[in-house]
Amino acid sequence: MEDTVIDDIDLDLIAALQTAPRASFDVLARVLDSSARTVARRYARLVDDGAMRVICEIEWSLLAEGLPATVWIGTEPGRAPEVAHALAARADTPFVSLASGAADVFCMLHGATRADTTRALTTELPAVPGIRTLRTEWILRRLTSTASWRLPRLTSGQISALTGQHAGRAAAHPRDTPLSGLERDTVAVLRNDARMPFSTLARTLGITESRARRTVAALLESGLLRPRVEVDPRDIGYAVEAVLSIGCRPGAVKRLAASLADHPATRFLALTAAASVFTYGGVFRDEEHLADFLTGGFEGSEEVTSLECSLQLEVLKRYWTARP
């Protein structure tokens with residue numbers, strides 16, 4: 001997104017949508033003290049210009065078998081962009097970025113099956129021209145997701161007014177029963193447009209509007225679908241994006257996890273099968289903001305035994321979608 005200028009009114013709208021991604025324009029207008037027409041016009045401009053999307057984040061258990069891995073990649077000098085673009089073109093990479101620090105390229109890899117992920121890590125990625133080293137860390141448990149991150153712009157009253165507007169929640173455990181055909185079709189349709197009206201969804205799926213409402217409500221309540229605003233942090237005032245590997249003593253894992261999950265800079269946090277214990281993704285206003293965080297800017301920082309930081313120079317792919 002290069003041409004769209006995002007002003008304070010747009011930022012308030014984005015913040016409101018982060019709290020209630022499927023709230024109607026009437027509800028958003030009342031909360032933001034605006035008109036539904038203005039809100040709808042602002043929303044359409046942001047979406048049409050590619051500055052923002054409202055998508056559905058899908059529980060990992062529905063996307064693929066097993067859990068993903070993070071991959072820290074060292075490349076031959078000058079070949080990092082070539083490697084990053086090659087990885088972004090793969091169907092099994094939800095996230096790819098050019099980085100500095102711990103790696104030249106950072107990506108997340110999640111194959112359709114465990115065998116697919118293993119084959120990609122052990123055979124396919126090492127064969128990509130320009131890759132020199134790979135460090136893989138398997139994710140054991142997602143502790144928070146990007147759907148939970150909020151712009152700190154709304155008042156407590158505004159947040160209360162939006163609470164309950166189909167915000168969704170994280171699924172505590174993988175679903176025991178498979179999705180029905182209708183549920184799978186619903187997931188596929190809403191994945192890239194979480195705000196699709198029930199009437200349009202019903203027509204698309206060839207069902208009644210009341211059945212569409214019930215199906216969506218069940219998926220949202222279960223946490224298998226989590227509507228979220230997809231926007232580049234740099235476009236909304238966060239110039240620095242970083243991925244950290246954080247280690248701590250075993251007895252401090254739960255306390256530190258709770259602290260990091262609640263920190264306002266946190267966009268992603270996962271427990272990993274590595275010495276680092278946590279993979280952390282955060283956004284910061286500038287380098288000073290990041291420096292404050294790294295030097296004890298979160299509760300429980302005294303429990304940290306190791307910390308490795310990788311700055312994200314350019315994100316090529318975010319949540320399975322290539323960036324323009």
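A residue is called buried when its relative accessible area is under 20%, exposed when that area is over 50%, and partly exposed in between. The structure discussed here is a predicted model, and the burial terms are applied to its charged residues below.

E230 has a relative accessibility of 3%, so this residue counts as buried. Its salt-bridge partner is R318, with the closest N and O atoms 3.5 Å apart. E230 belongs to strand β6 and R318 to strand β10, and the pair links distant parts of the chain, 88 residues apart. R318 is buried because its relative accessibility is 3%. The two residues are also members of one network, joined by salt bridges that share partners, which comprises E57, E59, R142, R226, R228, E230, D232, R234, E241, R318 and R323.

Another member of that network is D232. This residue is placed in the loop between β6 (225-230) and β7 (240-248). With a relative accessible area of 12%, D232 is likewise below the 20% cut-off and is therefore buried. A polar atom of the D232 side chain lies 2.9 Å from the backbone nitrogen of R234. The side chain of D232 is also joined to the side chain of R323 by a polar contact of 3.5 Å.

The structure contains 27 salt bridges. One of them pairs R153 with D8, where the closest N and O atoms are 3.6 Å apart. This pair links distant parts of the chain: R153 sits in the loop between β5 (131-144) and α7 (156-162), while D8 is in helix α1 (residues 8-19), and 145 residues separate them. R153 counts as partly exposed because its relative accessibility is 31%.

A further salt bridge connects R135 and E308, with 2.9 Å between the closest N and O atoms. R135 is in strand β5 and E308 in strand β10 (residues 304-318), so this salt bridge ties together parts that are 173 residues apart in sequence. R135 has a relative accessible area of 29% and is therefore partly exposed. E308, at 31% relative accessibility, also counts as partly exposed.

The last feature is a group of acidic residues at the surface. D286, E287, E288 and D292 form a negative surface patch. Within this group, E287 is found in helix α12 (residues 287-294). Its relative accessibility is 55%, which means that E287 counts as exposed.

Key:
Residues are numbered from 1 along each chain as its sequence is written. This is a predicted model: local features need pLDDT of at least 70, side-chain atom pairs count only at pLDDT 80 or more; totals for chains, interfaces and linings use all residues. Side-chain values use heavy atoms; hydrogens and water are left out. Patches are made of residues with over 30% relative accessible area and no salt bridge: like charges are joined within 9 Å, nonpolar side chains (Val, Leu, Ile, Met, Phe, Trp, Tyr) within 5 Å. Accessible areas come from the Shrake-Rupley method with a 1.4 Å probe; for residues, only the protein chains shown count as cover. A salt bridge is a side-chain nitrogen of Lys or Arg within 4 Å of a carboxyl oxygen of Asp or Glu. Lys and Arg count as positive and Asp and Glu as negative; His and the chain ends are not counted. The place of a charge is taken as NZ of Lys, CZ of Arg, CG of Asp or CD of Glu. Helices (H or I, at least four residues) and strands (E, at least two) are DSSP runs, numbered from the N terminus. Buried means under 20% relative accessible area, exposed over 50%, partly exposed in between (1.4 Å probe, protein chains only). A polar contact is a pair of N or O atoms within 3.5 Å; within protein, one must be able to donate a hydrogen and the other to accept it, and residues adjacent in sequence count only if both atoms are side-chain atoms.
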